[in-house]
Amino acid sequence: MKNRMERNRVKETIERGEVSFGFYVATPSPTIVELAGVAGMEWVRIDWAHSAVDLPMIENMIRAAESYNMAPFVRLNLDQQKISSVLELGALGIIVPDIETADDARKIVNAAKFSPVGDRGMFSAPRKSGYGAVDGASFKKWTNEEVMVGIQIENVEAIDQLEDILDVEGVDIVLSGRGDLANALGVPGQRNHPDVLRAEEEIFHIARKKGKVISPQLDPTAADFQTKIMDWKGKGAQVISFGHDLPIIKHALEQIVQRAATAEEVH
């Protein structure tokens with residue numbers, strides 16, 4: 001039987017002091033996940049918060065990630081049953097948006113980790129354990145060591161309480177959410193507004209002070225993309241997202257159409 005309890009590639013990269021790259025997948029398609037693997041990404045975040053995916057599709061997208069040795073993460077709202085379900089299917093981490101309090105963070109960790117870290121219930125035959133081929137004690141130990149918990153800080157109230165939130169044991173990764181931050185700060189749609197950027201800097205400064213991994217999201221279609229990569233590496237980011245599949249696909253198609261429309265006749 002294939003060893004179901006592999007190391008989390010993202011954790012391995014972090015432990016080596018390197019930077020891990022990946023992106024969000026909102027398209028309900030294992031093929032998009034496989035293409036990310038072909039391209040050399042280390043992880044994908046299957047976006048259950050803003051897409052049409054469902055659990056059977058998530059299972060197949062996780063399989064696609066595993067086939068290319070990528071770490072599959074799932075972004076989903078704070079629902080303890082859903083968190084448990086995606087981890088049983090084989091997700092190596094979760095991202096939960098719109099966290100506001102330390103109590104929210106505790107609920108997430110409780111759903112993701114077994115005791116003594118959390119209080120997740122143990123199913124005897126989850127897919128990730130080889131449908132029970134891995135004994136419960138080994139699966140519990142592996143889960144608590146390898147599954148990663150990420151939280152998104154997206155409003156002023158959460159920033160004010162962030163130090164307390166990050167005192168919750170079991171939170172590994174901190175992300176911002178510029179779209180929701182912009183809305184909360186009264187500048188909707190202005191993801192690069194100075195107030196939004198200052199708020200994000202504060203979030204990541206506190207997270208680094210608390211010893212958490214920070215994960216900014218960049219626009220790979222921007223002219224200054226490589227400069228931003230180096231900037232964030234300099235700020236200590238070890239998990240960098242290339243955004244969503246949909247804008248990337250849209251940009252590529254627009255570039256094709258533009259090139260075709262402006263092509264000159266070759267003599």
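These legends describe close-up views of one predicted protein model. Residues are numbered from 1 along each chain as its sequence is written, and side-chain values use heavy atoms, with hydrogens and water left out. As the model is predicted, local features need pLDDT of at least 70 and side-chain atom pairs count only at pLDDT 80 or more, while totals for chains, interfaces and linings use all residues.

**View 1. The whole chain, with 12 helices and 8 strands.** Helices (H or I, at least four residues) and strands (E, at least two) are DSSP runs, numbered from the N terminus. The radius of gyration of the protein chain is 19 Å, close to the 18 Å that the globule rule gives for 267 residues, so the chain is as compact as a globular protein of that length. This radius is taken over C-alpha atoms, and the globule rule is 2.2 Å times the number of residues to the power 0.38. The C-alpha trace spans about 70 × 45 × 35 Å along its principal axes. Of the 267 residues, 49% count as buried. Buried means under 20% relative accessible area, exposed over 50%, and partly exposed in between (1.4 Å probe, protein chains only). Accessible areas come from the Shrake-Rupley method with a 1.4 Å probe; for residues, only the protein chains shown count as cover.

**View 2. A salt bridge between glutamate 66 and lysine 128.** The closest N and O atoms of this pair are 3.8 Å apart. The pair links distant parts of the chain, with glutamate 66 in helix α3 and lysine 128 in the loop between α5 and α6, 62 residues apart. Both residues are buried. Glu66 and Lys128 also belong to a network of salt bridges with Glu6 and Arg127. A salt bridge is a side-chain nitrogen of Lys or Arg within 4 Å of a carboxyl oxygen of Asp or Glu. The whole structure holds 18 salt bridges.

**View 3. Salt bridges within helices α3 and α6.** In α3, glutamate 59 and arginine 63 are 4 residues apart, which separates them by about one helical turn. Their side chains meet at 3.1 Å, N to O. Arginine 63 is partly exposed, at 34% relative accessible area. In α6, lysine 141 and glutamate 145 are likewise 4 residues apart, and their closest N and O atoms are 2.8 Å apart. Lysine 141 is exposed at 52%, whereas glutamate 145 is partly exposed at 37%.

**View 4. Backbone features in two loops.** Most residues other than glycine have a negative phi, and most peptide bonds are trans. Asparagine 69 has a positive phi, near 55°. Asparagine 69 sits in the loop between α3 (55-67) and β3 (71-75) and is partly exposed, at 46% relative accessibility. Tyrosine 131 also has a positive phi, near 55°, and lies in the loop between α5 and α6. Proline 116 is in the loop between α5 (102-112) and α6 (136-146). A cis peptide bond, with omega about 10°, joins serine 115 to proline 116.

**View 5. A patch of negative charge on the surface.** Asp98, Glu100, Glu157, Asp160, Asp180 and Glu202 gather here. Glutamate 202 is in helix α10 (residues 194-209) and is partly exposed, at 40% relative accessibility. Patches are made of residues with over 30% relative accessible area and no salt bridge; like charges are joined within 9 Å, and nonpolar side chains (Val, Leu, Ile, Met, Phe, Trp, Tyr) within 5 Å. Asp and Glu count as negative and Lys and Arg as positive; His and the chain ends are not counted. The place of a charge is taken as NZ of Lys, CZ of Arg, CG of Asp or CD of Glu.
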